[in-house]
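Here is a short briefing to read alongside the structure. Take a moment to look the fold over, then follow the topics below.

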Amino acid sequence: MVHGHKRHGTTTVLAALNLLTGEVSARNMARPRLQEFLHVLIRIARDTPADKAIHMILDNSCTHRHANVRAWLARHLCRTFHFILTSSS
């Protein structure tokens with residue numbers, strides 16, 4: 001740490017990249033809670049045609065494996081989760 005440096009905490013960023021258009025949709029959150037993650041999933045589902053496949057790359061957070069998220073995923077079959085190592089993102 002350098003002189004005068006102050007750590008102001010961490011934040012959580014959820015971002016989606018549309019590979020066809022290059023458009024990035026991002027949301028900055030104070031905490032990585034289930035409610036915020038579900039909100040992002042709902043927004044992605046709303047903004048993307050149902051017949052388009054979506055592949056989401058996620059770290060292996062407990063939020064991403066929650067029963068409510070699994071239930072959402074079961075209702076949205078064109079959405080696929082790919083998990084990477086916890087905190088590797």
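In the protein, where is confidence lowest, and where is it highest? This is a predicted model, and its mean confidence is lowest in strand β1 (residues 12-17), at 76, and highest in α2, at 87. Over the whole protein the average pLDDT is 78, and 82% of the residues score at least 70. As a reading tip, where pLDDT is low, the predicted coordinates should not be read in detail.

**Overall layout**
- The protein has two helices and four strands, and from the N terminus on they follow the order β-β-α-β-α-β.
- Of its 89 residues, 26% count as buried.
- Among contacts with a separation of 6 or more, 50% come from residues 24 or more positions apart.

**The β1 and β2 hairpin**
- Strand β1 pairs with strand β2 (residues 24-29) in the antiparallel sense, over six bridges.
- If you want a register mark, find Val-13, whose bridge partner in β2 is Asn-28.
- Six residues sit between the two strands of this hairpin, where Gly-22 takes a positive phi near 80°.

**The largest nonpolar core**
- This core holds 15 residues, and those touching the most other members are Phe-37, Leu-38, Leu-41, Met-56, Val-69, Trp-72 and Phe-81.
- Two or more residues come from each of α1 (34-47), β3 and α2, with the largest share, seven residues, given by α1.
- Phe-81 is a handy residue to start from: leaving out residues up to four places away in sequence, Phe-81 touches Phe-37, Leu-41, Met-56, Leu-58, His-64, Val-69, Trp-72 and Leu-73.

**Two arginines to look at**
- Arg-43 belongs to helix α1; is Arg-43 buried or exposed?
- Arg-43 is buried yet has no salt bridge; the nearest side chain of opposite charge, that of Asp-47, is 4.7 Å away, whereas a salt bridge is counted within 4 Å.
- Beyond four places away in sequence, Arg-43 touches Ser-25, Ala-26 and Arg-27, and these three fall within the stretch of β2, residues 24-29.
- Arg-65 is found in the loop between β3 (54-59) and α2 (67-75).
- Why does Arg-65 count as partly exposed? Its relative accessibility is 34%, and the partly exposed class lies between under 20% for buried and over 50% for exposed.
- Arg-65 and Phe-83 are 18 residues apart in sequence, with their C-alpha atoms 9.8 Å apart in space.

Definitions and conventions. Residues are numbered from 1 along each chain as its sequence is written. Side-chain values use heavy atoms; hydrogens and water are left out. Buried means under 20% relative accessible area, exposed over 50%, partly exposed in between (1.4 Å probe, protein chains only). A nonpolar core is a set of buried Ala, Val, Leu, Ile, Met, Phe, Trp, Tyr and Cys residues joined through side-chain atoms within 4.5 Å. Contact means heavy atoms within 4.5 Å. Lys and Arg count as positive and Asp and Glu as negative; His and the chain ends are not counted. pLDDT is the predictor's confidence in each residue, from 0 to 100. Two strands pair if DSSP finds at least two bridges between them.
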